[in-house]
Amino acid sequence: MTGSDRPSALDPAIADRLKRGADGLVPAIAQQYDTGEVLMLGWMDDEALHRTLTTGRCTYWSRSRREYWVKGDTSGHIQLVKSVALDCDGDTVLVRVDQVGAACHTGDRTCFDADVLPLGE
């Protein structure tokens, strides 16, 4: 159960294009707009996407806390939205942002810095 159990102000034309999981969520990839660096993966429902599109700040649905959160409200490490796109299937959102500070809750620049897996030969 997400916040999407309540009505959202998301444009119906956009909402109709989304392919949500059983939990009502779509993955949202945050990418640094000028370098292409992949910063993090979060989850959005219709309302989180609406808030992201209309406020200029990334809003996500926290699956663990079961509430909306705006990136940086507590840490100060905000994501200023530059553009938002859906993938060709409508099942993933790409948010190109200007990341201020660390994107990862661990304090790393990205959520993908700390655990690079070895490639086989």
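How many salt bridges does a search of the whole structure find? The search finds 5. The model is predicted, and the legends below describe close-up views of it.

**View 1. Salt bridge between Asp 46 and Arg 20.** The closest N and O atoms of Asp 46 and Arg 20 are 2.7 Å apart. The pair links distant parts of the chain, 26 residues apart: Asp 46 belongs to helix H2, while Arg 20 sits in the loop between helix H1 (12–15) and E1. Asp 46 counts as buried because its relative accessible area is 13%, under the 20% limit. Arg 20, at 34%, is partly exposed.

**View 2. Surroundings of Ala 15 in helix H1.** Ala 15 is a buried residue with a relative accessible area of 14%. Leaving out residues up to four places away in sequence, Ala 15 touches Leu 10, Arg 20 and Asp 46. Two of these contacts, Arg 20 and Asp 46, form a salt bridge with each other. The C-alpha atoms of Ala 15 and Asp 46 are 6.7 Å apart in space, although 31 residues separate the two in sequence.

**View 3. Salt bridge within helix H2, between Arg 51 and Glu 47.** Here the closest N and O atoms are 3.0 Å apart. Both residues lie in H2, with a spacing of 4 residues, or about one turn of the helix. Arg 51 is partly exposed at 31% relative accessibility, whereas Glu 47 is buried at 14%.

**View 4. Salt bridge between two loops, Arg 57 to Asp 73.** The closest N and O atoms of Arg 57 and Asp 73 are 3.1 Å apart. Arg 57 is in the loop between H2 and E3, and Asp 73 is in the loop between strand E4 (67–70) and strand E5 (79–86), so the salt bridge ties together parts that are 16 residues apart in sequence. Arg 57 is partly exposed, with a relative accessible area of 23%. Asp 73 is exposed, at 54%.

**View 5. The largest nonpolar core.** This core has 20 residues, and those with the most contacts inside it are Leu 39, Met 44, Leu 49, Tyr 60, Val 93 and Val 95. Strand E1 (26–32), E2, helix H2 (46–55), strand E3 (59–62) and strand E6 (93–99) each give two or more residues to the core. Outside its neighbours within four places in sequence, Val 95 is in contact with residues that include Ile 29, Ala 30, Met 44, Cys 58 and Val 81. Polar residues are also among the contacts of Val 95, including Gln 31, Thr 52 and Ser 83.

**View 6. Strand E1 and its pairing with E2 and E6.** E1 is mostly covered, with 6 of its 7 residues buried. The pairing of E1 with E2 is antiparallel and runs over 6 bridges; in E2, Trp 43 is the bridge partner of Pro 27. The hairpin of E1 and E2 has 5 residues between the strands, and within this hairpin Gly 36 takes a positive phi near 85 degrees. With E6, E1 pairs in the parallel sense over 5 bridges. Gln 31 stands opposite Arg 96 in E6.

**View 7. The hairpin of E5 and E6.** These strands pair in the antiparallel sense over 7 bridges. Leu 80 stands opposite Asp 98 in E6. Between the two strands are 6 residues, and Gly 90 in the turn has a positive phi of about 75 degrees.

**View 8. Backbone at Arg 66 in the loop between E3 and E4.** Most residues other than glycine have a negative phi. Arg 66 is not a glycine, yet has a positive phi of about 60 degrees. Arg 66 is partly exposed, with a relative accessible area of 44%.

**View 9. Nonpolar patch on the surface.** Val 38, Leu 41 and Phe 112 form the patch, and together they have about 270 Å² of accessible area. Val 38 lies in strand E2, which spans residues 38–44. With a relative accessible area of 40%, Val 38 is partly exposed.

How values were computed:
Residues numbered from 1 in each chain as written. Predicted model: local features only at pLDDT ≥ 70, side-chain atom pairs only at ≥ 80, totals over all residues. Heavy atoms only, no water. Patch = residues over 30% accessible without salt bridge, like charges linked within 9 Å, V, L, I, M, F, W, Y side chains within 5 Å. Areas by Shrake-Rupley, 256 points an atom, 1.4 Å probe, with all protein chains shown as cover. Salt bridge = Lys/Arg side-chain N within 4 Å of Asp/Glu carboxyl O. Buried < 20%, exposed > 50% of the residue type's maximum accessible area, 1.4 Å probe, protein only. Core = buried A, V, L, I, M, F, W, Y, C linked by side-chain atoms within 4.5 Å. Contact = heavy atoms within 4.5 Å. Pairing = 2+ DSSP bridges.
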